[in-house]
Amino acid sequence: NNQKIPNKVSKKFCIGQLHLMLELDSDEKNFKNELDRIQFIEQIKPKQLKSKQINQSKQAPKSFLSTDFTEDLVVQIYLSIVEARNISTNSNNSNPYFRHRAFWNEEHITSAVCWGSSTPKFNFEQKIPLLLTKSVIEKMHQNFVIIELWDKKMSGQSDQIVGIIKIPLEQFYISFKDQQISRVLLRAQYPVISVDSWLPIIDPFTNKSTGEIQVLLAMGTSDQITAVQVAHTTGNSSTIKKSPNNEQSPSSSSLIEHHFEIMIESINGLRAFK
């Protein structure tokens, strides 16, 4: 029956509200194929399905199966310590070097000594591959990378600690603890940045600053890490801080408009129409 119901009659049959909730599971421009792929995988795989267990009777298009859905993905932790400045020590001629500790290193890592400099150029880089498992992500919660700056002494004297820098890993925990969010972040141009700035070097005994050190700590795919390295080399690091995965409010150019079509096929159990 295509006849419209009069307003008086339609108001009579208004028995409540229909609540709809929409969840966008992808930001792909090719949204239709992405949605089809997600629906297909939800049908053929339980929560802990391995790719070998896919039902042979269901043939998925190749574009549906992607490494985005592969569990235990390998990512990289990238630590860059370029230089330090304004280092103050008890001696007139300081010989700074640093050690850093993190849960993914069995032992602390020690840099080369920069002899006779209060503005040492470390130019230190480290890439650590990590298996992105739930246990690894949990270890990042309320955890830190600890950098200790030391002054190398000669003539048998003990080295003197200049200060400590604590770099939080909480940003990585927040970003990767949700599988859907991490999947989107790992498709971005740049990795997730924990810190990319000059940090104060704090004396552990006086709690005062004894200088500053330039640190970059990032986590992402190998392509993302390469992108952030290139950006720093070419002096375009400011664009990284404006990228969507490192900013609360993405720029308008990164937004994608989506149109949803909702069709209600049937409603059951409404006694008012019986």
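Student: Let me start with a tryptophan: does W104 count as buried or exposed?
Tutor: Happy to begin there! This is a predicted model, and in it W104 has a relative accessibility of 13%. The cut-off for a buried residue is under 20%. Because 13% falls under that cut-off, W104 counts as buried.

Student: And what does F103 count as, at 27% relative accessibility?
Tutor: The value for F103 is 27%. Buried would need under 20% and exposed over 50%, with another class in between. Because 27% lies between those cut-offs, F103 counts as partly exposed.

Student: Let's step back to the whole protein. How many helices and how many strands does the protein have?
Tutor: A good moment for an overview. The protein has 274 residues, of which 35% count as buried. Its accessible surface comes to about 18700 Å², and carbon and sulfur atoms hold 49% of that. As for secondary structure, the count is seven helices and eight strands.

Student: Among contacts with a separation of 6 or more, what percentage comes from residues 24 or more positions apart?
Tutor: The contacts in question are those with a sequence separation of 6 or more. Within that set, the share from residues 24 or more positions apart is 68%.

Student: Now the aromatic rings: what is the angle between the planes of F98 and F122?
Tutor: The structure holds three aromatic pairs. F98 and F122 form one that is edge-to-face, with 5.0 Å centre to centre. The pair links distant parts of the chain, since F98 is in strand β2 and F122 in strand β4 (residues 121–132), 24 residues apart. Their planes meet at 85°.

Student: How far apart, centre to centre, are the rings of F103 and W104?
Tutor: F98 and F122 are both buried. F103 and W104 form an edge-to-face pair too, with 70° between the planes. Centre to centre, the distance is 5.1 Å.

Student: Which residues do ring pairs link into a cluster?
Tutor: We have already met two of the members, F98 and F122, as an edge-to-face pair. The cluster that ring pairs build consists of F98, F122 and F124.

Student: Which residue lies over the face of F144?
Tutor: There is a charge over a ring elsewhere as well: R99 lies over the face of W150, at 5.1 Å from the ring centre. For F144, the distance from the ring centre is 4.4 Å. The residue there is K166.

Student: In the loop between β1 and β2, which backbone nitrogen lies 2.7 Å from the side chain of N95?
Tutor: N95 counts as buried, at 8% relative accessibility. Leaving aside neighbours within four places, N95 contacts V113, C114, W115, G116, W150, D151 and K152. The C-alpha atoms of N95 and P120 are 8.5 Å apart, with their positions 25 residues apart in sequence. The backbone nitrogen lying 2.7 Å from a polar atom of the N95 side chain is that of G116.

Student: Is N90 buried or exposed?
Tutor: N90 is found in the loop between β1 (73–85) and β2 (96–101). Its C-alpha lies 9.1 Å from that of Q160, 70 residues apart along the chain. Because its relative accessible area is 70%, over the 50% cut-off, N90 is exposed.

Student: Turning to helix α6, what distance does α6 reach from its first C-alpha to its last?
Tutor: The helix has 12 residues. Its buried residues are Q224, I225, A227, V228, Q229 and A231. Just after α6, G235 takes a positive phi of about 80°. The span of α6 is close to the expected value, and comes to 16 Å.

Student: Last one: which residue's backbone oxygen does the side chain of Q224 reach?
Tutor: Q224 sits in helix α6 (residues 222–233) and counts as buried, at 3% relative accessibility. Beyond four places in sequence, Q224 touches L185, L186, R187, A188, Q189, Y190 and P191. At 3.4 Å, the backbone oxygen that its side chain reaches is that of Y190.

Technical notes
Residues numbered from 1 in each chain as written. Heavy atoms only, no water. Helix = DSSP H or I, 4+ residues; strand = E, 2+ residues; numbered from the N terminus. Buried < 20%, exposed > 50% of the residue type's maximum accessible area, 1.4 Å probe, protein only. Contact = heavy atoms within 4.5 Å. Areas by Shrake-Rupley, 256 points an atom, 1.4 Å probe, with all protein chains shown as cover. Polar contact = N/O pair within 3.5 Å; in protein donor to acceptor, adjacent residues only side chain to side chain. Phe/Tyr/Trp six-rings, centres within 6.5 Å; stacked < 30°, edge-to-face > 60°. Lys NZ or Arg CZ within 6 Å of the ring centre and 35° of its normal. Expected span 1.5 Å × (residues − 1).
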